[in-house]
Amino acid sequence: MQEVEAKTLMIPCAGEPWFGIRWTVNLYRGCCHGCIYCDSRSSCYQVHAFDTVRCKRDALRLMEAELRAKRSRGIVGMGAMSDPYNPFERQARLTRGALELLARHGFGAAVITKSDLVARDAGLLAEIARLQPALAGITITAAQDRLSRLVEPGVCPSSARFAALEKLRAAGVFAGVLLMPVLPFLEDDLENILGIVRCAKDCGASFVYAMMGVTLRGNQRAWFYDRLDERFPGVSRRYERTFGEATLCLSPRSRELSAALGAACLEAGIPFQMPGIVKALRAPYQLEQTTLFDGE
Ligand code: SF4
């Protein structure tokens, strides 16, 4: 695998807390999972040859130095710009190495992926969770494998991702489903959305977090429309008619779908809004702090 230079790895997160993540780390640049809607290939991110996976030179040494220099702890997230469990990770073990560093230095962890390889690190995530919050988010946008193979052709199908979710939960990891994007005219039907919630419930998911649409910009939009034309003839014209050049392309059924997802999650007892998810993730640690305080 090619290497690229990196000066720093831990980027502080600004704005609303996304899964309580305080810093993001990208150990790899580029991704070969080939999702037809991938936002990270947008020209605004300036990732040349996006489909070629490269790793950051000396990534773990850099990351350890940065962890040592931090004055306070927090959750370090992986998976913002590229999948931390791309096929090269099986051998390269950079993501695993980073999780080992987080465990050693007492930081929390959040990994976001579409690969079932994440289940390999269930024990390590559980070890981190003994002291700090640790979360695994598995992106699943299609209840049926047939559709997931068409929209996410370079990674395992949805059924394998649900199986990985089940393994993570069995190991005691706080793990759930990122139901995003929901592709208008392909995935925005009740059967798909409620099917995913049903499978998530069967796996014991800790959360389901959805966004009932997709973002499209510049070259990413053109790339997406080309893939649509190959696999779903006629659908790109519906996008053009409905969304024009808009970046945020919400499903025309987004309200109805959000309400149905909310009702299904409430019935299943699964958190589905970010404040509730972060609260559930942090709850065991706050309880410990209260207990310690009470005992003083
Ligand atoms: S897994 Fe994520 S980064 Fe990789 S192609 Fe799919 S959407 Fe893009």
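**Reasons behind the assignments**

Me: Ala49 sits in the loop between β4 and β5. Why is Ala49 called exposed in this predicted model?

Reply: Ala49 has 11 other C-beta atoms within 10 Å. A residue counts as exposed if that number is 12 or fewer, so Ala49 is exposed.

Me: What makes the phi of Ala49 notable?

Reply: The phi of Ala49 is near 50°, a positive value in a residue other than glycine. Most residues other than glycine have a negative phi.

Me: Why is Phe185, in the loop between β9 and α7, called partly exposed?

Reply: Phe185 has 17 other C-beta atoms within 10 Å. Exposed requires 12 or fewer and buried 20 or more; Phe185 therefore falls in between and is partly exposed. Phe185 is also not a glycine, yet its phi is positive, about 70°.

Me: How do you know that the peptide bond from Met180 to Pro181 is cis?

Reply: Its omega is near -5°. Pro181 likewise belongs to the loop between β9 and α7.

Me: How do you know that β1 and β5 pair?

Reply: Pairing needs at least two bridges, and two join β1 to β5, so these strands pair; they run parallel. Val4 has Lys56 in β5 as its bridge partner.

Me: What makes β1 and β4 edge strands?

Reply: The open sheet has the order β1-β5-β4, with mixed pairing. β1 (3-4) and β4 (28-29) each pair on one side only.

Me: How do the residues around the ligand divide by character?

Reply: The shell holds three nonpolar, four polar and two charged residues. Among its members are Cys31, His33, Asp83 and Lys114. Asp and Lys count as charged, so Asp83 and Lys114 belong to that class.

Note on methods. Residues are numbered from 1 along each chain as its sequence is written. This is a predicted model: local features need pLDDT of at least 70, side-chain atom pairs count only at pLDDT 80 or more; totals for chains, interfaces and linings use all residues. A residue is near a molecule or strand if its C-beta atom, placed from the backbone, lies within 6 Å of it. Helices (H or I, at least four residues) and strands (E, at least two) are DSSP runs, numbered from the N terminus.
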